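Reader: I work at the bench and want plain reasons for the labels. Please take me through the empty spaces.

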Amino acid sequence: MIQVLIEEGDIADQVSDVMVLKFAERPHGADKYISDREGFVPSVLEGQSQAIKSRNTSAATILFVGVGTLLEFGYENIRTFARNGLSLATRANPDATKITMTAHGPGYGLDEKQAFVSLLLGLQDAWSELAGRTKIDSVVIVEKNRKRVERYRNIVDALGFYTIGELLLGNVEHLDDERVVFADKSVSLPRKNGALFLAMPFAEKFEDEHSAIREACESLDVLCERIDTGPFLGDIVEKIKQKIEACDIFVALLNDNNPNVFLELGYAWGKNKKTILIVEDVSGLPFDVKTKNAIVYKSRFKLREDMKRILAETLSMKVVQ
């Protein structure tokens, strides 16, 4: 079996035999941080990998795994990355026993829960394929955000934990795309009740709003996605249009009168999407938006509860208190 641990901290400080990082056309996030620290510029095509000996981290080897474009790095791609990552790590260092990696998805707009469970599914796939052919016995998923560590550990708890933030892969009774069962417990991927696309400014000051909306969605098993234009290469506008067209509900956070948010809102209206507007102060809204009903909030708690109620009403669902 492979032990999976969720740890808070800096991945560069985690001792391991192999650190596994994605590479999506150019460095992003953790892989950029590590490549800058190493003074190394990786160049890895999709389906390929590049291993280097580490000089400035606590890992013996750093493995960059090519995953194509970040724009297309979705849930199934995360699962494939995790599965391939362990296999490639074994190839890079046949004697490796401990692997470190980071989680993926929330930093560029994917649903946090579904992205994390996709990573666990990929690790489970790898364990099934490599059983008896690898010495890897532990994978440490490192996250710097303390609140996200707690949420990841809650997911692990739902899967059947052994110590806080610890999961033993291989203790599985049933696996499919909708439900994962570990140790007689289960966690559902949040798909069955629809998908929400959130248009909002990507700024730290709005993280409470994002958390409240995400928690409301999780309570109703609704997918919650957004797109940050910052990290992407390629036709980001086309990707946003695809997400809006595919969603069941479009939600817009109108604080700061962000022009991109209004552009996306207009497109959603043009596609006759069910929309939910959220704003802290209606006085600054343009006249043609000010006349629309909106969730006006003064606290994170009120936003979460109002969002949960209105989201359920919009989807014609019963809210469980």
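**Spaces and one helix**

Author: The count comes to 1 cavity of 30 Å³ or more. This is a predicted model; local features need pLDDT of at least 70, side-chain atom pairs count only at pLDDT 80 or more, and totals for chains, interfaces and linings use all residues. Residues are numbered from 1 along each chain as its sequence is written, and side-chain values use heavy atoms, without hydrogens and water.

Reader: What makes a space a cavity and not a pocket?

Author: On a 1 Å grid over the protein atoms alone, a cavity is a set of points where a 1.4 Å probe fits but cannot get out. A pocket is an open set with protein on both sides within 12 Å along at least five of seven lines. The largest cavity holds about 60 Å³, the volume being the space filled by probe spheres set on the grid points.

Reader: Which residues line the largest cavity?

Author: Lining residues have an atom within 4 Å of a point. Among them are Pro106, Asp111, His210, Arg214 and Glu225. α5 and β12 (223-225) each give two or more residues.

Reader: Why are His210 and Arg214 of α5 called buried?

Author: Buried means under 20% relative accessible area (1.4 Å probe, protein chains only). His210 and Arg214 are on the buried list of α5, so both fall under that cut-off.

Reader: What is the volume of the largest pocket?

Author: About 870 Å³. The lining has 31 residues, with Gly29, Ala30, Gly107, Glu143 and Arg148 nearest the centre. α1 gives the most, 4 residues.

Definitions and conventions: Buried < 20%, exposed > 50% of the residue type's maximum accessible area, 1.4 Å probe, protein only.
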